[in-house]
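Me: I'm new to this one and would like to know where the labels come from. Can you walk me through them?

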Amino acid sequence: MTNRYIKPSWFFVKIFNRIALATGAVRSEPMTVIKRSSRLPQTIPMTPVDIDGVKYVVSVRGETEWVKNVRANPHVKLIKADRTDYVATEVPVEARKPILQAYKATASKATARLFRQLPDDADHPVFALTPA
């Protein structure tokens, strides 16, 4: 398992994420996970990708806190989705390629830059979301 991570800028954390959560910018949906230490909710903007009826979330920044939180407690909520409660299952590295390709096909230039910085499929945890 990789431990590569691209830390977001202050602007991204304090300004962009709040705008994305409030407006759904870049086709994002608020995703809530439970923090592994405090057990408090953490809500972040995610852009799920649907492939053959399965919804996936991708960590474009690598081994983020939300990824670690989902591994500790796989129950997540997507606020804008037709269903809200999901159980996240991590996709093995060898099965990520088609999901990451589909995700990249809709990604912004900023997201494409993150994939260039972390080019290996192993650098991007992917989770399949199953309705709970």
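**Rings and labels**

Reply: Sure. Trp66 and Phe127 are both buried. Keep in mind that this is a predicted model.

Me: What makes a residue such as Trp66 or Phe127 "buried"?

Reply: Buried means under 20% relative accessible area, and Trp66 and Phe127 both get that label.

Me: How many aromatic pairs does the structure hold?

Reply: There are 2 aromatic pairs.

Me: Why is the pair of Trp66 and Phe127 called tilted?

Reply: The ring centres are 5.8 Å apart, and the cut-off for a pair is within 6.5 Å. The planes of Trp66 and Phe127 sit at 55°. Stacked needs under 30 degrees and edge-to-face needs over 60, so the Trp66 and Phe127 pair is tilted.

Me: How do you know that this pair links distant parts of the chain?

Reply: Trp66 is in helix α2 (residues 65-72) and Phe127 in strand β7 (residues 126-131), 61 residues apart.

Me: What makes Tyr103 and Phe115 a tilted pair?

Reply: Their ring centres are 6.2 Å apart and their planes are at 55°, so that pair is tilted. Tyr103 belongs to helix α3 (residues 97-105) and Phe115 to helix α4 (residues 109-117), so the pair ties together parts 12 residues apart in sequence. Tyr103 and Phe115 are both buried.

Me: Why does Asp50 count as buried or exposed?

Reply: Asp50 has 52% relative accessibility. Exposed means over 50%, so Asp50 counts as exposed. Asp50 lies in strand β3 (residues 49-51), and its C-alpha atom is 8.8 Å from that of Ile99, 49 residues apart along the chain.

Notes. Residues numbered from 1 in each chain as written. Predicted model: local features only at pLDDT ≥ 70, side-chain atom pairs only at ≥ 80, totals over all residues. Heavy atoms only, no water. Helix = DSSP H or I, 4+ residues; strand = E, 2+ residues; numbered from the N terminus. Buried < 20%, exposed > 50% of the residue type's maximum accessible area, 1.4 Å probe, protein only. Phe/Tyr/Trp six-rings, centres within 6.5 Å; stacked < 30°, edge-to-face > 60°.
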